[in-house]
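Biologist: Could you take me closely through the salt bridges here, saying where the partners sit and what surrounds them?

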Amino acid sequence: SSGSITSITVGGNSGSSIFTYSGSGYVSNVLLNHESSKIILDGSLTGNIITIGNSYGTIEIVGNSSISGLIGSSDHVIDTLKIGSGVTLTLSGGDVSLDSLLFGSSSSSLVLSGSVNQTISINDAIDASVNDGLLTLSGSGSRTINATFGDITKSFSSLSIGGTGVNSFANEGYFENVSFIGNSSSSVVFSGGVNITDEVLFTASNQVITFGGSSSVDGGIDFGGFASSIKLDSSSGSQTFSGVISNSGTSGQGVLEVSGGNSVTVTNDVGSTGKLLSSISILSGTTGIFGSEVYASTISISGTSIFSGNVSGNISLSGGSISFGDGVTLSGSISNSSTSGSGDITASGDFIVSGDIGSDSLTIGSFNVNGNEKRISLLGNSYIDSFNFGSNVLSTLEIGDGKTFVGDIKVVNGGGGLIDLSVNSATISGNIGSSSGSITSITVGGNSGSSIFTYSGSGYVSNVLLNHESSKIIL
């Protein structure tokens, strides 16, 4: 380690040579100076393996070995690196530039380790049907991996992620198994997207997996009670993520972040009843589309969110907008964490929210009904500047029992819209309808009992129906 050999030259103008080595070697440069030259290694080599040509030479690993140094370069690529069956090769420092990486069998292993940042470039796609093995990432060094593992017909067997570096895959990949190992704060980025067959399990807090392109995880991802993160980054374009995101451990752990300025579609459940995530964030300029049920302690929205399934959690709007699909129930509240009067909510059909919407000091800008003959049930206190029936003149607004609605209730010119207080007593403070469009009716009490309608504002209502002998209007 205190005195390296300057160089070993393998082959040259007169022809190729083979350098077979076992031991512990320190060599500044091993030069593959002929396209057919070869190194056969069973040991450790500290130093660079380079070539004078492009696509020159072969490195064959026949026993557990390590190399610490450059392997090829961007303009002088090594032709082939072959790892024998059942053999492990550890690369602990230096960039790697190859035409081909060959695994002798599915038990052949490549370990990228060490504290030095690396760029790993492999020109030929790794066809797992004939070239399968094991890949492990460890150490504190960060890596950019320009290589394609597996394809739609056959996935590469295994990717294990450890260490504290950030490991970024530039190309789309296919893996049977992706697993975090140990308790390190490990991080992996699939910039081109990834397709994973088995379940992905977090093994410690502060681990991060980022999907930068459309991805699928057939077995789902489980936070397992750890405070780790999944990031769906749409910076490179709109993407779809398929796979259940769960938390089998202590409820309220795990973070999902949706970012990048384009749309991200999440097709499966996020969290579950009694096993919530800690938080979901949809960042500014990004549209998060959730196709199934969502469970999280807090959901922060500064972009746009569309929920097609039921939602459990408290939503915080920071200048963003939300759309709920037909038949959705929100078990939670919607607050405004930005400027009072900002934030928009749309219900595209029947909708129930159990908690408050806005507050007296931080109101929500608008609530828009986007479906006729639908029922909107606001069961908490609501502070909404403008509740708009629009042209949905046969839709109904229900207000929770003993609750207050503060804001204007509007309908298109010509009137329409129904307010149902047949079961619940409620207070409305704000304008109802207008001189050009009256609310069709407000029903107070019914067969199940009396109700009290307390109102302050300027109201235009075709009919207020007192449908129980003890019902009351306080005006």
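Modeller: A residue is called buried when its relative accessible area is under 20%, exposed when that area is over 50%, and partly exposed in between. Lys154, with a relative accessible area of 27%, is therefore partly exposed. Please keep in mind throughout that this is a predicted model, in which a search of the whole structure finds six salt bridges.

Let me begin with Lys154 and its partners. Lys154 forms a salt bridge with Asp132, and the closest N and O atoms of this pair are 3.6 Å apart. The pair links distant parts of the chain, since Asp132 belongs to the loop between β10 (118-122) and β11 (134-137), while Lys154 belongs to the loop between β12 (143-146) and β13 (156-161), 22 residues apart. Asp132 has a relative accessible area of 12%, so this residue counts as buried.

Lys154 also forms a salt bridge with Glu176, where the closest N and O atoms are 3.1 Å apart. Here again distant parts of the chain are linked, for Lys154 is in the loop between β12 and β13 whereas Glu176 lies in strand β15 (residues 173-180), 22 residues apart. Glu176 is partly exposed, at 29% relative accessibility.

Turning to another pair, Arg375 and Asp420 form a salt bridge whose closest N and O atoms are 2.5 Å apart. Arg375 lies in strand β38 (residues 375-378) and Asp420 in strand β42 (residues 418-421), so this salt bridge ties together parts that are 45 residues apart in sequence. Arg375 is partly exposed, with a relative accessible area of 32%, whereas Asp420, at 15%, counts as buried. As for the earlier residues, Asp132, Lys154 and Glu176 are joined into one network by salt bridges that share partners.

Asp420 deserves a further look for its surroundings. The side chains of Asp420 and Arg375 are joined by a polar contact of 2.5 Å, and a polar contact of 2.6 Å joins the side chains of Asp420 and Ser422. Leaving aside residues up to four places away in sequence, Asp420 touches Arg375, Thr396, Leu397, Glu398, Ile399 and Thr443. Arg375 thus appears both as the salt-bridge partner of Asp420 and among the residues that Asp420 touches.

Definitions and conventions: Residues numbered from 1 in each chain as written. Predicted model: local features only at pLDDT ≥ 70, side-chain atom pairs only at ≥ 80, totals over all residues. Heavy atoms only, no water. Salt bridge = Lys/Arg side-chain N within 4 Å of Asp/Glu carboxyl O. Helix = DSSP H or I, 4+ residues; strand = E, 2+ residues; numbered from the N terminus. Buried < 20%, exposed > 50% of the residue type's maximum accessible area, 1.4 Å probe, protein only. Polar contact = N/O pair within 3.5 Å; in protein donor to acceptor, adjacent residues only side chain to side chain. Contact = heavy atoms within 4.5 Å.
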